[in-house]
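Reader: I am new to this structure and would like a careful, close look at a single part of it. Could you then go on from there to the charged pairs elsewhere in the chain?

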Amino acid sequence: MESKAKPNGSATLEVNGNKIELPVFSGSTGPDVIDIRKLYAQTGMFTYDPGFTSTASCESQITYIDGDAGVLLHRGYPIDQLAEKSNFLEVCYLLLKGELPSVGDFDNFKTTITRHTMLHAQFDRFFEGYRRDAHPMAVMVGTVGALSAFYHDSLDINDPVQRMITQHRLIAKMPTIAARAYKYWIGQPFVSPRNDLDYASNFLRMCFAVPAEDYVVNPVLAKAMDKIFILHADHEQNASTSTVRLAGSSDANPFACIAAGIVSLWGPAHGGANEACLKMLEEIGTKENIPAFIEKVKDKNSGVKLMGFGHRVYKNYDPRAKVMQKACHEVFKAVGVQDDPLLEIAVELEKIALSDPYFIERKLYPNIDFYSGITLRAMGFPVEMFTVLFALARTVGWISQWTEMNEDSAQKIGRPRQLYTGATTRDYTPADKR
Ligand code: ACO
């Protein structure tokens, strides 16, 4: 990646009476950055920023978020336009290559992805090693990492052709692995991919068809699935993406790096939030219980949070949540459950929270997870699959960011420093003298 950062003056820092100048850079949009790469050499000091709330860890040209304005752009294109007008595979191409494809380029890309969906037959036996009721995310972590043991011919990270083959393999095989993780968990035989179906329809069929009865794909559900994949495709330097970059900064192979991303995504503060949100809606149970629940959320001593609300970066309505809310209503209509109590509770909860000063003052708005859980549940997915679907969709973001990092001449092994407050040097005491 060629740097497009522009010098924009400097910032002065005074440390122990000495003034130093730190270069400032501007990107194409968003906040400027202060370049502190020489800070330690010049002052002997580190910066301290747990959780990276004020730290840009890399230069990137893939995704831009303006959290205050509620804007999310992939390669400059607003997420709502992509969700309405594009499709997941086109968004994959855009994230990977930086531009929307021509008709011919898209056909080639689609054909390549479609023809890479199968897994090595021996790979299927790998699933058998898991306990029969293994959580699908546990299976994802192991099996995606294991791709590095099956595809040795695309592990040279310095070869652009091999990097591209890995991108294709990951995007193509992830739905097959995810569907197998699900089938294994529920004790049903694996369903093979079908090349005449589009990406989302093929995935739904691999999850829900059984040998005794094929699955007729409902186009509304396939469209909703495709939208859900688009909405989760990338989100700049979030925890899992930063994990992929950090793992890859040591030149680890890409399959192993993506497995590391899946691990990071698993937590309830990240990819697991829609599962937590659904459980919360079930616990609330009826609309009448909402006011008491809101009071509990506002009570700091209760430890209860309104799941699906709030975001580290968005201090406005998450633009993905708006698209998700619409898709949710479409799915409920298509499956014929318009009076689901959970949807009623969600709509009412959102209305109340958005007019309550507690949430207004703290700029807490619904995030994508507020509606994605109930939508996926209506489509037939159990909560254990929610984060798996997120991982499937985010794989393109992870591998795009991993590729960008590998092509960045400023790339170095990630090695944060620390503020050490532990014991200083002391002599070892023999066991009988302690
Ligand atoms: N419910 C109630 N209060 C909240 C919530 C919430 N969901 N989120 C934040 N707050 C409050 C905090 O208690 C804090 O209040 P205070 O200023 O009185 O102490 C204030 O709002 C600021 O919150 P922070 O915790 O500083 O915000 P942070 O950026 O660290 O956290 C996070 C963001 C983790 C997403 C948080 O909002 C949260 O836990 N939300 C619920 C979980 C969730 O939905 N996660 C999904 C994220 S999206 C994704 O990963 C795809």
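**A serine and the salt bridges**

Author: In this predicted model, S372 has its place in helix α17, which covers residues 369-378. With a relative accessibility of 0%, S372 counts as buried, because that term applies to anything under 20%. Leaving aside residues up to four places away in sequence, S372 touches N274 and M324. With N274 there is also a polar contact, in which the side chain of S372 and the side chain of N274 come to 3.2 Å.

From this serine we can turn to the charged pairs. Side chains of opposite charge can pair when their charged atoms come close. The structure holds 19 salt bridges, and one of them joins K227 to E84, with 3.7 Å between the closest N and O atoms. Since K227 belongs to helix α9 (residues 219-231) and E84 to helix α2 (residues 79-85), this pair ties together parts that are 143 residues apart in sequence. The two partners can also be described by their accessibility: K227, at 5% relative accessibility, counts as buried, whereas E84, at 39%, counts as partly exposed. The pair is also part of a wider arrangement, for E84, K227, K326 and E330 are linked in a network of salt bridges.

Another salt bridge is formed by D124 and R180, whose closest N and O atoms are 2.8 Å apart. Here D124 lies in helix α5 (residues 121-127) and R180 in helix α7 (residues 160-186), so the pair ties together parts of the chain that are 56 residues apart in sequence. Of R180 we can add that its relative accessibility is 6%, and therefore R180 counts as buried.

A further salt bridge lies within one helix, where the side chains of E295 and K298 meet with an N to O distance of 3.4 Å. Both E295 and K298 lie in helix α13 (residues 290-298), and they are three residues apart, which is about one turn of the helix. E295 counts as partly exposed at 47% relative accessibility, and K298 is likewise partly exposed, with a relative accessible area of 26%.

To return to the part we began with, S372 in helix α17 is a buried residue whose side chain makes its polar contact with the side chain of N274.

Technical notes. Residues are numbered from 1 along each chain as its sequence is written. This is a predicted model: local features need pLDDT of at least 70, side-chain atom pairs count only at pLDDT 80 or more; totals for chains, interfaces and linings use all residues. Side-chain values use heavy atoms; hydrogens and water are left out. A salt bridge is a side-chain nitrogen of Lys or Arg within 4 Å of a carboxyl oxygen of Asp or Glu. Helices (H or I, at least four residues) and strands (E, at least two) are DSSP runs, numbered from the N terminus. Buried means under 20% relative accessible area, exposed over 50%, partly exposed in between (1.4 Å probe, protein chains only). A polar contact is a pair of N or O atoms within 3.5 Å; within protein, one must be able to donate a hydrogen and the other to accept it, and residues adjacent in sequence count only if both atoms are side-chain atoms. Contact means heavy atoms within 4.5 Å.
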